[in-house]
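Open the model in your viewer and keep the sequence panel beside it. The tour goes from helix faces to charged pairs and back to a helix.

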Amino acid sequence: LLAAAAAFTMMSRTREERPPHVLRVLAVSDVHDDHASVNQLINHVRRSNFWRSIDVVFCAGDLSTMPVTSSKPSEDDVREFHLRAQRILHALSALNKPIYFVPGNHDAPSLFNATEPHAGLRGVYNVHGRAVALAPDLVLLGWGGSSDALEGGAVVWPGHPYTEPVVADGLSRLLRHARRAYGSASMLLMSHCGPAGVSTT
């Protein structure tokens with residue numbers, strides 16, 4: 001379980017002098033079905049003064065631990081790991097903050113194909129392939145899954161559910177859509193894959 005807190009400060013784009021808009025984010029990633037750590041995090045956050053200042057929760061994928069294989073998963077596996085992911089999101093919803101998430105490469109394919117953004121839980125939003133306005137002049141873009149993990153040019157584990165060209169094309173289309181919909185607003189990307197050059201997928 002990886003958790004971090006961050007504050008994003010966006011200055012107004014008008015010529016008038018205004019105080020900055022601050023969005024405080026609790027970022028969580030790679031939970032991998034670890035309910036005990038999620039509950040520990042929730043209890044810690046609630047005991048601290050930080051809890052009251054959190055605006056939103058970001059969850060960057062791998063809610064569950066679905067095996068990544070080259071074969072198509074069974075319907076039973078998809079259903080099981082979809083429910084596991086929902087249980088983690090339900091646990092995080094105890095913070096009573098809006099939750100925005102993308103699925104990771106160990107999450108069920110059904111989370112990548114979701115037609116509804118709310119994930120069946122109130123206040124929980126699947127932003128994979130979507131652009132969402134978070135604050136004035138600040139838009140969240142989401143992209144889940146991973147491409148192949150490489151070490152020394154060799155594939156360590158296969159990407160799921162995308163190849164690198166599919167990721168590049170999807171992100172390009174998402175950015176174009178966001179620019180058309182939100183103009184010159186600042187864009188914040190939440191992805192499960194790390195960017196090129198940081199030695200991580």
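A residue is called buried under 20% relative accessible area, exposed over 50%, and partly exposed in between. The coordinates are those of a predicted model. By that scale, Arg173 at 44% relative accessibility counts as partly exposed.

**Stop 1: helix 1**

Select residues 35-47, which form helix 1. At 1.5 Å a residue, its 13 residues should span 18 Å, and the end C-alpha atoms are indeed 18 Å apart. Now colour Ser37, Val38, Leu41, Ile42 and Val45, the buried residues of this helix. Viewed down the axis of helix 1, these buried residues fall within an arc of 140 degrees, so they line one face. Rotate to the other side of helix 1 to find Ala36, Gln40 and Arg47, which are exposed.

**Stop 2: salt bridges in helix 3**

Next, show charged side chains as sticks. The whole structure holds 4 salt bridges. Go to helix 3, residues 75-92, and select Asp76 and Arg79, which both lie there, 3 residues apart. Their side chains meet in a salt bridge, with N to O at 2.5 Å. How exposed are the two partners? Asp76, at 52% relative accessibility, counts as exposed, while Arg79, at 46%, counts as partly exposed.

Staying in helix 3, select Glu80 and Arg84. The two side chains form a salt bridge of 2.9 Å, N to O. Because they are 4 residues apart in helix 3, about one helical turn separates Glu80 and Arg84. The general rule is that an α-helix has 3.6 residues a turn, so residues three or four places apart point the same way. Glu80 is partly exposed at 32% relative accessibility, and Arg84 is also partly exposed, at 25%.

Which residue should be added to this pair to complete the network of salt bridges? Add Asp33: Asp33, Glu80 and Arg84 are linked in such a network.

**Stop 3: the charged pair of helix 4**

Move to helix 4, residues 164-182, and select Asp169 and Arg173, 4 residues apart and so about one turn of the helix from each other. Asp169 forms a salt bridge with Arg173, the closest N and O atoms being 2.9 Å apart. Asp169 is partly exposed, with a relative accessible area of 41%.

**Stop 4: the faces of helix 4**

Now show the whole of helix 4. From its first C-alpha to its last, the 19 residues reach 26 Å, close to the 27 Å expected at 1.5 Å a residue. Which residues of helix 4 are buried? Select Val167, Gly170, Leu174 and Ala178. These residues cover an arc of only 70 degrees around the axis, which puts them on the same side of helix 4. Pro165 and Arg180, on the other side of helix 4, are exposed.

To see what covers the buried residues of helix 4, display strand 6 (131-135), strand 7 (138-143) and strand 10 (186-191), which are included in that cover.

**Last stop: Gly183**

Step off the end of helix 4 and select Gly183, the residue that follows the helix. Check its backbone torsions: the phi of Gly183 is positive, near 60 degrees.

Note on methods
Residues are numbered from 1 along each chain as its sequence is written. This is a predicted model: local features need pLDDT of at least 70, side-chain atom pairs count only at pLDDT 80 or more; totals for chains, interfaces and linings use all residues. Side-chain values use heavy atoms; hydrogens and water are left out. Helices (H or I, at least four residues) and strands (E, at least two) are DSSP runs, numbered from the N terminus. The expected span of a helix is 1.5 Å times one less than its number of residues. Buried means under 20% relative accessible area, exposed over 50%, partly exposed in between (1.4 Å probe, protein chains only). The arc is that of the directions from the helix axis to the C-beta atoms. Contact means heavy atoms within 4.5 Å.
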